[in-house]
Amino acid sequence: MASVRNLLVFRQLFHKETSTYTYLLACKQTMKAVLIDPVLDCVERDLKLLRELGVQLVYGINTHVHADHITGTGKLKQALPDCKSVLGSKSGGRADIFVDQSERLKFGNLMLECRSTPGHTNGCTTFVLHDRAMAFTGDALLVRGCGRTDFQQGSPSTLYESVHSQILSLPKHYKLYPAHDYKGFSVTTVEEELAHNTRLTKSKEEFIKIMDNLNLPYPKRIDESLPANLICGVTDPVSS
Ligand SMILES: N[C@@H](CCC(=O)N[C@@H](CSS)C(=O)NCC(=O)O)C(=O)O
Ligand SMILES: [Fe+2]
């Protein structure tokens with residue numbers, strides 16, 4: 001039997017317009033796959049890649065209800081009826097499977113641990129692949145930054161606690177993969193972020209001040225994205 005280190009097919013995909021990363025993970029022994037944070041505009045690209053790699057999508061996972069783009073999970077489910085959508089239970093949106101702290105999602109012989117990391121939104125979830133020392137942090141932690149806390153259910157105090165207790169407490173060598181990057185980065189590690197994160201290396205009081213004064217413009221597509229993502233990115237209510 002192949003060692004777990006050789007079991008993973010991994011692809012990091014990018015949506016340029018919203019600087020969103022989508023991750024494809026698949027088990028080489030069973031060819032079962034998951035997509036983390038697929039984007040509606042990129043569903044054809046992702047379906048083609050799944051076909052080319054010969055893998056079967058079992059879960060379309062959203063790390064949270066996104067505010068800047070529409071999720072691809074609803075459209076993927078229409079194309080691949082065996083695929084189930086996954087969302088954190090406190091998200092307030094629709095999905096086939098709701099996950100909570102410490103639950104596990106199995107795909108073939110690989111498994112993701114779900115860690116609740118609220119603060120950017122209530123339902124934000126980080127997915128950890130311990131076998132490969134990788135974590136998918138959504139918008140809770142970005143490379144050298146973090147998700148904003150000024151809309152949805154944002155709370156700087158909650159985000160600070162979440163990131164420190166659930167992400168930066170992982171072993172130092174763990175690789176961290178964010179849902180977005182605006183500065184040209186693709187991946188980081190726990191060790192790097194503990195040393196160099198421009199916000200989360202500060203005290204909690206300083207962090208709250210920084211977050212309360214970001215003054216970022218709202219995402220351009222927020223008005224269409226939020227309502228669509230609450231129903232899995234599709235307007236047909238039967239196909240969540
Ligand atoms: N300009 C982009 C939106 C940029 C943005 O607000 N990004 C979010 C993540 S998507 S909810 C964020 O948390 N950013 C944190 C930061 O420090 O930049 C657009 O118009 O789509
Ligand atoms: Fe977000």
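Reader: What makes β8 and strand β9 (residues 125–129) a pair, and in which direction do they run?

Author: In this predicted model, 4 bridges join β8 to β9 and the two strands run antiparallel; since pairing asks for at least two bridges, the 4 found here satisfy the criterion. Within this pairing, Glu113 stands opposite Val128 in β9.

Reader: How do you know that strand β7 (residues 104–107) is also paired to β8?

Author: The count is again 4 bridges, with β7 and β8 running antiparallel, and the threshold is at least two, so β7 and β8 are a pair. Lys106 stands opposite Met111 in β8, and in the hairpin of these strands, which has 2 residues between them, Gly108 takes a positive phi near 60°.

Reader: Why is strand β8 (residues 110–116) described as largely enclosed by the rest of the structure?

Author: A residue is buried if 20 or more other C-beta atoms lie within 10 Å of its own, and 5 of the 7 residues of β8 are buried, so the strand is largely enclosed.

Reader: Why are β1 (8–15) and β6 (97–99) said to stand at the edges?

Author: The open sheet of 6 strands has the order β1-β2-β3-β4-β5-β6, with mixed pairing; β1 and β6 each have a single partner strand, so one side of each is left without a neighbour in the sheet. Neighbouring strands of this sheet are turned by 25° against each other on average, direction ignored.

Reader: What joins strand β5 (residues 84–88) to β6?

Author: These strands run parallel and are joined by 3 bridges, which meets the requirement of at least two, and Leu87 stands opposite Phe98 in β6.

Terms used
Residues numbered from 1 in each chain as written. Chains lettered and ligands numbered in written order. Predicted model: local features only at pLDDT ≥ 70, side-chain atom pairs only at ≥ 80, totals over all residues. Axes fitted to C-alpha atoms, helices over the stretch in contact; angles between N-to-C directions. Buried ≥ 20, exposed ≤ 12 C-beta atoms within 10 Å, placed from the backbone.
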